[in-house]
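Biologist: Please take a close look at the nonpolar core of this model. Then follow its aromatic side chains outward.

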Amino acid sequence: PLMLLFIQVKCYHEIITIGYRVYHSYDLPWFRSLSWYFLLCVNYFFYGETVADYFATFVQRREQLQFLIRYHRFISFALYLTGFCMFVLSLVKKHYRLQFYMFAWTHVTLLITVTQSHLVIQNLFEGMIWFLVPISSVICNDITAYIFGFFFGRTPLIKLSPKKTWEGFIGGFFSTVVFGFIFSYFLAQHQYFVCPVEYNSETNRFVTECEPSELFQMKKYSVPPLLQTVLGWETVNMYPFQMHSIALSTFASLIGPFGGFFASGFKRAFKIKDFADTIPGHGGIMDRFDCQYLMATFVHVYITSFIRGPNPSKLLKQLLILQPEQQLSVYKTLKSHLVEKGILQPSLRG
């Protein structure tokens, strides 16, 4: 999370600095301070949500934190309103339009950087494999698309990036799918990569120990008749996650590059070569992560839509926060439900 926070802050700084330079807004009253204040507010909100979701038992033991978590959204909103009022008070007649330009610029930048980095953290808590496979697929696609384009490229792909070719785009797609499929196979064998990251309140550290879900248990699949004649196999053993890796790799190679195209269009619009010069010869941090932000959002949506079911561990943490009478009510309701389904005997006393 600290590394993600550093990358997020650097990307935010690079985009905001472009706004300052393009609109010559260095003399706007309070605006540089307000830009960083809004970043602080949004990070406070998102990191607070993460603490409330994944550190419930830790929070339960500390009375001061209980207050902050209970009223977290109200405090976050109050902090944002403070910044909003400060912005209104800072408006100067001769700079109205410019100030609203920069206000919108700041909020769009927050949406691009902070929201996406929050989603990356959410993906990490689902298991390291949901972070490593997507990010590696994007990197693989960048490299293989360049190689195929360099050696076989003839047909221009898009005017925003004249060096991009259809040959590189297609070659990068097939290479990335194969890479993702093989890389997933090796990661799926290790608990450290497939288990959700959970906070152990007894040891005060994160743990990645679990009984791997069905996604990460080897299964036998029938090979389609058309491929049986080519491969000579009737069945194949593989992890179900490898099928999902195809979807992740496909997005990384077909849609992910459009994040780069978007960044290219953005830089052309403001007549700049790179977002910054943080990395000598490679531009800024944002130049390296332009495709990753789209990927983070897709992975989060994919997990919530097709993978994630009810989380017993997370539900248990929420139950432990309830008052004793509320916990007893939940217990009685659950017991009644289990008796009705025939799982428990009516005579069972608890």
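Modeller: Start with the largest nonpolar core, which has 27 residues. F31, M102, W105, L110 and F275 touch the most other members. The model is a predicted one. Five elements give two or more residues to this core: α1 (2–23), α2 (31–54), α6, α12 and α13. Helix α1 gives the most, with seven residues.

Look at F275 next. Leaving out residues up to four places away in sequence, F275 touches E14, I15 and I18. On the list of F275 contacts there are also A263, F266, K267, M286 and D287. Apart from this core lies another, of 20 residues. Its members include A188, V194, C195 and Y239.

Now the rings. The whole structure holds 28 aromatic pairs. One of them joins W105 and F270, with centres 5.3 Å apart and 70° between the planes. That pair is edge-to-face, because planes over 60 degrees apart count as such. The pair links distant parts of the chain, 165 residues apart. W105 sits in helix α6 (residues 96–126). F270 lies in the loop between α12 (257–269) and α13 (285–289). Is each partner buried or partly exposed? W105 has 11% relative accessibility, so W105 counts as buried. F270, at 21% relative accessibility, counts as partly exposed, because buried means under 20%.

A second pair, F148 and F152, has ring centres 5.9 Å apart. The planes of F148 and F152 meet at 40°, so this pair is tilted. Both residues are in helix α7 (residues 129–152). They are four residues apart there, so about one helical turn separates them. F148 is partly exposed, with a relative accessible area of 29%.

F152 also belongs to a nonpolar surface patch of about 790 Å². The other residues of the patch are I139, I143, Y146, I147, F150 and F151. I147 is placed in helix α7. Its relative accessible area is 38%, so I147 is partly exposed. Why is F148 missing from the patch list? Patch residues need over 30% relative accessible area, and F148 has 29%.

One more group of rings remains. Ring pairs link Y37, F38, Y80, F84, F87, F100 and F103 into a cluster.

Methods
Residues numbered from 1 in each chain as written. Predicted model: local features only at pLDDT ≥ 70, side-chain atom pairs only at ≥ 80, totals over all residues. Heavy atoms only, no water. Phe/Tyr/Trp six-rings, centres within 6.5 Å; stacked < 30°, edge-to-face > 60°. Buried < 20%, exposed > 50% of the residue type's maximum accessible area, 1.4 Å probe, protein only. Core = buried A, V, L, I, M, F, W, Y, C linked by side-chain atoms within 4.5 Å. Contact = heavy atoms within 4.5 Å. Patch = residues over 30% accessible without salt bridge, like charges linked within 9 Å, V, L, I, M, F, W, Y side chains within 5 Å. Areas by Shrake-Rupley, 256 points an atom, 1.4 Å probe, with all protein chains shown as cover. Salt bridge = Lys/Arg side-chain N within 4 Å of Asp/Glu carboxyl O.
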